[in-house]
Every structure is written in C-alpha cells, then in structure tokens.
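Here is a short briefing to read alongside the sequence and the 3D view. Keep both open as you go through the points.

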Amino acid sequence: MYCAVIGQLCSYAKEWAKTLAREDRFGHRPDGKYGENIYCMWSSDPQQNVTAKDACQSWYKEIKDFTFGAEPRVLKSGISLTASFFWS
C-alpha cells in the first residue's frame, strides 16, 4: 500500500513539474489534491543542476525560524516546510 501511494504521489508531482517546465513558469498547482513544496534557485551557470538534496537542505536551514511547541504568530516563508520535515 505504502509503495503504491508513493508512486501515485510521484506521478502526480512529475505531471505538474512537466507542466511548469513546458509552460516556463513556477507556481503551485491550482486546486491540488495534496500539499506541495516547490523550490527554485537561480544561477548564472547554465550547466547548474538543482537536486532534491539542494531543496531539502535549503528548507531544513529554515529551522532557525521555527519555534518548537508554539503556533507561529506570523506566517513566514518556510515555516510550514520546516514543520513538514518533523511530521515525517
């Protein structure tokens, strides 16, 4: 069951990633069925590749903005991303 769900989520995410690449844009899927974390970076190097590890490390560094045991008083970019790492 777990592998089937992961496979479905991966297919769903890949479909959206291909749409964004084809349309040369960046954004969340409107009316998506699931929560999503999207990531981009900029580089002047046209050969620069972005990996999943790059995204995860960037999100994890936001831990400094997260207060454990307290609801956020102000919504800051990345706080929910940090929380999702701890839910897993």
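A residue is called buried under 20% relative accessible area, exposed over 50%, and partly exposed in between. Leu-9 has a relative accessible area of 32%, so Leu-9 is partly exposed. The model is predicted. The protein chain has 88 residues, and 16% of them are buried.

**Fold and confidence**

- The protein chain holds 3 helices and 0 strands.
- Read from the N terminus, the order of elements is α-α-α.
- Helix H1 covers residues 2–23, helix H2 covers 52–60, and helix H3 covers residues 79–87.
- Average pLDDT for the protein chain is 79. A score of at least 70 is reached by 78% of the residues.
- Confidence peaks in H1, at a mean of 87, and is lowest in helix H3, at 50.

**Nonpolar surface patch**

- Which residues form the nonpolar patch on the surface? They are Val-5, Ile-6, Leu-9 and Tyr-34.
- Together they offer about 290 Å² of accessible area.
- Leu-9 sits in helix H1.
- Tyr-34 has a relative accessible area of 39%, so Tyr-34 is partly exposed.
- Patch membership needs over 30% relative accessible area. Leu-9, at 32%, meets that cut-off. Tyr-34, at 39%, meets it as well.

**Aromatic pairs**

- The count of aromatic pairs is 2.
- Tyr-12 and Tyr-34 make an edge-to-face pair, because their planes stand at 85°; the ring centres are 5.1 Å apart.
- This pair links distant parts of the chain, 22 residues apart. Tyr-12 is in helix H1, while Tyr-34 is in the loop between H1 and helix H2.
- Is Tyr-12 buried or exposed? Tyr-12 is buried, because its relative accessible area is 17%, under the 20% limit. Its partner Tyr-34 is partly exposed, at 39%.
- Tyr-39 and Trp-59 also pair edge-to-face. Their centres are 5.9 Å apart, with 85° between the planes.
- Tyr-39 lies in the loop between H1 and H2, and Trp-59 lies in helix H2, so this pair ties together parts 20 residues apart in sequence.
- Trp-59 is buried, at 11% relative accessibility. Tyr-39 is partly exposed, at 26%.

**Salt bridge**

- How many salt bridges does the structure hold? The number is 1.
- The partners are Arg-25 and Glu-23. Their closest N and O atoms are 2.5 Å apart, and the cut-off is 4 Å.
- Glu-23 belongs to helix H1, which runs over residues 2–23.
- Arg-25 is partly exposed, with 41% relative accessibility.
- Glu-23 is partly exposed too, with a relative accessible area of 41%.

**Cysteines**

- A search of the whole structure gives 0 disulfides. A disulfide would need two cysteine sulfur atoms within 2.5 Å.
- Cys-10 is partly exposed, at 48% relative accessibility. That value is not over 50%, so Cys-10 does not count as exposed.
- Cys-56 is partly exposed, with a relative accessible area of 33%.
- Cys-10 falls within helix H1, residues 2–23, and Cys-56 falls within helix H2, 52–60.

Definitions and conventions
Residues are numbered from 1 along each chain as its sequence is written. This is a predicted model: local features need pLDDT of at least 70, side-chain atom pairs count only at pLDDT 80 or more; totals for chains, interfaces and linings use all residues. Side-chain values use heavy atoms; hydrogens and water are left out. Patches are made of residues with over 30% relative accessible area and no salt bridge: like charges are joined within 9 Å, nonpolar side chains (Val, Leu, Ile, Met, Phe, Trp, Tyr) within 5 Å. Accessible areas come from the Shrake-Rupley method with a 1.4 Å probe; for residues, only the protein chains shown count as cover. A salt bridge is a side-chain nitrogen of Lys or Arg within 4 Å of a carboxyl oxygen of Asp or Glu. Helices (H or I, at least four residues) and strands (E, at least two) are DSSP runs, numbered from the N terminus. Buried means under 20% relative accessible area, exposed over 50%, partly exposed in between (1.4 Å probe, protein chains only). pLDDT is the predictor's confidence in each residue, from 0 to 100. Rings of Phe, Tyr and Trp (its six-membered ring) pair if their centres lie within 6.5 Å; planes under 30 degrees apart count as stacked, over 60 as edge-to-face and the rest as tilted.
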